[in-house]
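Here is a short set of exercises to work through with the model open beside you. Try each task before reading its solution.

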Amino acid sequence: MTPLQRERFAALWDLYADWNAKINVVSRKDFDQLYLRHVLHSLAIAKVCRFDAGARVLDVGCGGGFPSVPLAILFPETRFTAADSIRKKITVVEGVAASLGLTNLTPRCVRVETLAERYDYVVSRAVTAMPEFVKWVWTKLERGQHGTLPNGILYLKGGDLAEELARTGLRWDIYDIPAFFDEEFFETKKVVYTPKK
């Protein structure tokens, strides 16, 4: 990791504390766990797939910028679009990205179904049930491979997912986050992945 990346990760605490005082995007009761529950959780995606320079990644329902902000810091050559339909959340992402100088992150206040662009990967964190999510994003994904895995969906989710994933009609690979991070918080958390065939 470069000194600039370290600096940007270190700056997240004060930036989110400042924004959170104005617009509540990180639950106040777990703000002291920001790095564990939000930053590190977001970075579990990078343990499963490393994105190439120039890859286009869409974060759906980004909230305050998770997982897109930590991933944009980690992959400065990858282009991220952080989409959320709630304006105040996008205001926070815009503020954080501007303060950090993240030129590879574009926040968009938009319903993802209305986006015309295509992407190599879609990332998200427990936004809605998987069958619904797949309906929103499947046509936004382009086939190919712009990272260590073929283009597709990388989704952070917890609990027992078998039935929900089966309802999508797609084949999913499930990566248990405790294989990467040993904190108790991650005990039931997973990254689920399906390629755009």
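**Exercise 1.** Find which residues Ser 124 touches, not counting residues up to four places away in sequence, and decide whether Ser 124 is buried or exposed.

*Solution.* Keep in mind that this is a predicted model.
- Step 1: locate the residue; Ser 124 sits in strand S4, which covers residues 121–125.
- Step 2: list its partners beyond four places in sequence, which are Asp 59, Val 60, Pro 67, Phe 133, Leu 154, Tyr 155 and Leu 156.
- Step 3: check accessibility. The relative accessible area of Ser 124 is 0%, and buried means under 20%, so Ser 124 is buried.

**Exercise 2.** Do the same for His 41: name its element, its state of exposure and its contacts.

*Solution.*
- Step 1: His 41 belongs to helix H2.
- Step 2: with a relative accessible area of 5%, His 41 is buried.
- Step 3: setting aside neighbours within four places in sequence, His 41 is in contact with Leu 36, Arg 125, Leu 156, Ile 177, Phe 185, Phe 186 and Lys 189.

**Exercise 3.** Describe H2 as a whole: its span, its bend and its cover.

*Solution.*
- Step 1: H2 has 15 residues, and its first and last C-alpha atoms are 21 Å apart, close to the 21 Å expected at 1.5 Å a residue.
- Step 2: a bend of about 35 degrees occurs at Leu 40.
- Step 3: eleven of the 15 residues are buried, leaving H2 mostly covered. Among them are Leu 36, His 38, His 41, Ser 42 and Val 48.
- Step 4: the buried residues of H2 pack against H1 and H3, and also against strands S4, S5, S6 and S7.

**Exercise 4.** Compare the span of helix H1 with the expected value, then say where H1 bends and what covers its buried residues.

*Solution.*
- Step 1: H1 runs over residues 3–22, and its 20 residues should span 28 Å at 1.5 Å a residue; the end C-alpha atoms are 29 Å apart, which agrees.
- Step 2: the bend, about 35 degrees, is at Leu 12.
- Step 3: the buried residues of H1 are Gln 5, Arg 8, Phe 9, Leu 12, Leu 15, Tyr 16, Trp 19 and Asn 20.
- Step 4: their cover includes helices H2, H3 and H4.

**Exercise 5.** How does H1 pack against H2, and how does H1 pack against H4?

*Solution.*
- Step 1: the axes of H1 and H2 come within 11 Å and cross at roughly 130 degrees. That angle makes H1 oblique to H2.
- Step 2: H1 passes H2 in a right-handed crossing.
- Step 3: on the H1 side, Phe 9, Ala 10, Ala 11, Leu 12, Trp 13 and Tyr 16 meet Leu 34, Tyr 35, Val 39 and Leu 43 of H2.
- Step 4: for H1 and H4, the axes are 10 Å apart and the angle is about 140 degrees. This makes H1 oblique to H4.
- Step 5: H1 also passes H4 in a right-handed crossing. Arg 8, Ala 11, Leu 12, Leu 15, Tyr 16 and Trp 19 of H1 make the contact with Thr 91, Val 92, Gly 95, Val 96, Ser 99 and Leu 100 of H4.

**Exercise 6.** Classify the exposure of Leu 4 and give its C-alpha distance to Leu 100.

*Solution.*
- Step 1: Leu 4 is in helix H1.
- Step 2: its relative accessibility is 42%, so Leu 4 counts as partly exposed.
- Step 3: Leu 4 and Leu 100 are 96 residues apart in sequence, while their C-alpha atoms are 9.7 Å apart in space.

Methods: Residues numbered from 1 in each chain as written. Predicted model: local features only at pLDDT ≥ 70, side-chain atom pairs only at ≥ 80, totals over all residues. Heavy atoms only, no water. Helix = DSSP H or I, 4+ residues; strand = E, 2+ residues; numbered from the N terminus. Expected span 1.5 Å × (residues − 1). Bend = angle between axes of the 7 residues up to and from the residue. Buried < 20%, exposed > 50% of the residue type's maximum accessible area, 1.4 Å probe, protein only. Contact = heavy atoms within 4.5 Å. Axes fitted to C-alpha atoms, helices over the stretch in contact; angles between N-to-C directions. Parallel < 35°, antiparallel > 145°, perpendicular 65-115°, else oblique. Left-handed = near helix turned anticlockwise from the far one by under 90°.
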